[in-house]
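Please read this report alongside the sequence and the model. It moves from a helix pair to single residues, then to the chains and their confidence.

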Amino acid sequence: MAIIAVAALSVPVLARQAQRGEPGAAADITPAELQRMFDAYALMQAQEQLKIKDDQYAQFLSRFRALQDVRRRALQERTRLIQTLRKELNGTQPPEEAQLKEQLKALDDLEARSTTDVKKAQDAVDQVLDTAQQAKFRVFEENMERRKLELLSRARQANRPKKPL
Amino acid sequence: MHLSPDALVDLAERTANDADVPHLRTCERCRRQLDELRTMMSAAADVDVPEPSPLFWQHFSSRVQEAVSAEGQAGQTRTWSWTRGWRAWAVPVGAVAALVFAVVIGSRVPAPAPAKSAANRADAASVDPLPDDPALNLVADLAATMNYDDASELEVGTHVGSADEAVGGLSAGERLELRRLLNEALRQPGD
């Protein structure tokens, strides 16, 4: 019951947070705000679909968020490394092989490190869940990603110019 | 009478003082809800959001371009024409490309660039912009009309994080629309 109440309460909170400043002004909506809304949506859906109990909720919340954070940090770092590589490869001078090797190693290291970190975070989530919930969580994450992409797709389509018939 | 959701939100956001709400002192349930709400808000505020890779759609476009080019070359050696055979390959190609195209590519397909030299083409580091390929336009159109259920039925795969990457590529109007859709979704717990 408490979970449902908190989930319900998250809606007005997020709505307020997302619409602070000039309400409705597109320029105010940052990707970070949309990510927070995605996170709240995912949490709400996870509670419902995994049937998280009261005594699981607090731990699940923090560990689920940790898992999301680990993934995002890895993505952020990877993006930074790829951008560095891109600059070097597209520069006026040919890149030095030693430098490229160093950056490739950094990418490999990051991949290995983030795989381990994500696995640890995933294990931490699993510890809170029973076996059936763990299984549901795997399916849930895949479905949630598709649902997010669907919302993105709808947002894009709504802004596409109408084709003449 | 327990605290209303609005009252709890005001307390959680510190726009109202706990001391001004006597009910909190006597109601364990409301105190617990308030604590949980504050925990959630604190966790949400700490999210570290990365900037999405500007190369994301370029890399994807590049891979699609290669696939379409390969398809085109194969089509030239066959007896059936591209226009006769498109239905045979459009479904699987469209299925795989649809979801991501709908999100990432759409109207953002870059304009054709001046031809590069052979030496430049051989450079694995460079990412060639997409030509204005009719086959690619067809896939883009398929993507625009394929919905989530179609993609799910066809078991189109996704990876966790692809939506995060795509959010940064949205225009201001698209972000506004996405926020509206998310607000709508957040109001429907059973969605």
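## The H3–H4 pair

Are H3(A) and H4(A) roughly parallel or roughly antiparallel to each other? They are roughly antiparallel, because angles over 145 degrees fall in that class (under 35 is roughly parallel, 65 to 115 roughly perpendicular, the rest oblique). Helix H3 (residues 54-89) of chain A packs against helix H4 (residues 97-128) of chain A at about 170°, and their axes are 9 Å apart. By class, this contact has 16 nonpolar, 7 polar and 6 charged residues. Nonpolar here covers Ala, Val, Leu, Ile, Met, Phe, Trp, Tyr, Cys and Pro; charged covers Asp, Glu, Lys and Arg; the others, Gly among them, are polar.

Axes are lines fitted to C-alpha atoms, for helices over the stretch in contact, and angles run from 0 to 180 degrees between N-to-C directions. Helices are DSSP runs of H or I with at least four residues, strands are runs of E with at least two, and both are numbered from the N terminus.

## Basis of the model

This is a predicted model, in which local features need pLDDT of at least 70, side-chain atom pairs count only at pLDDT 80 or more, and totals for chains, interfaces and linings use all residues. Residues are numbered from 1 along each chain as its sequence is written, while chains are lettered from A and ligands numbered from 1 in the order in which they are written.

The model scores ipTM 0.71 and pTM 0.51.

## Residues along the pair

A:Gln68 sits in helix H3 of chain A. It counts as buried, because it has 22 C-beta neighbours inside 10 Å. The cut-offs are 20 or more other C-beta atoms within 10 Å for buried, 12 or fewer for exposed, and partly exposed in between, with C-beta atoms placed from the backbone. A:Gln68 and A:Ala121 are 53 residues apart along the chain, with 8.7 Å between their C-alpha atoms.

Two residues of helix H4 of chain A are exposed. A:Asp123 is found in this helix and has 11 other C-beta atoms within 10 Å, so it is exposed. Its C-alpha atom is 9.4 Å from that of A:Arg63, 60 residues apart along the chain. A:Gln127 also lies in helix H4 of chain A. With 11 C-beta neighbours inside 10 Å, A:Gln127 counts as exposed. A:Gln127 and A:Arg63 are 64 residues apart in sequence, and 9.6 Å apart in space, C-alpha to C-alpha.

## Helix H2 and the loop after it

How many of the 19 residues of H2(A) are buried? The count is 15, so this helix is largely enclosed by the rest of the structure. Its length also checks out. The 19 residues of helix H2 (residues 31-49) of chain A should span 27 Å at 1.5 Å a residue, and the end C-alpha atoms are 26 Å apart, which agrees. The expected span is 1.5 Å times one less than the number of residues.

A:Lys51 comes just after H2(A), in the loop between H2 and H3 of chain A. Its phi is near 50°, a positive value in a residue other than glycine. A:Lys51 counts as partly exposed, because it has 13 C-beta neighbours inside 10 Å.

## The two chains

Chain A has 5 helices and 0 strands. Buried residues make up 30% of its 165 residues. Among contacts in chain A between residues at least 6 apart in sequence, 69% join residues at least 24 apart. A contact means C-beta atoms, placed from the backbone, within 7 Å.

Chain B has 10 helices and 0 strands. Its 191 residues are 28% buried. Among chain B contacts between residues at least 6 apart in sequence, 74% join residues at least 24 apart.

## Confidence

pLDDT is the predictor's confidence in each residue, from 0 to 100. Chain A has a mean of 83, and 81% of its residues reach 70 or more. Among its elements, helix H1 (residues 2-18) of chain A has the lowest mean, 50, and H4(A) the highest, 94. Over residues 17-23 of chain A, pLDDT stays under 50, and the model has 6 contacts beyond four places in sequence for them.

Chain B averages 63, and 40% of the residues score at least 70. In chain B, confidence is lowest in helix H6 (residues 118-122), at a mean of 42, and highest in helix H10 (residues 172-186), at 88. Residues 77-84 of chain B stay under 50, with 2 contacts beyond four places in sequence.
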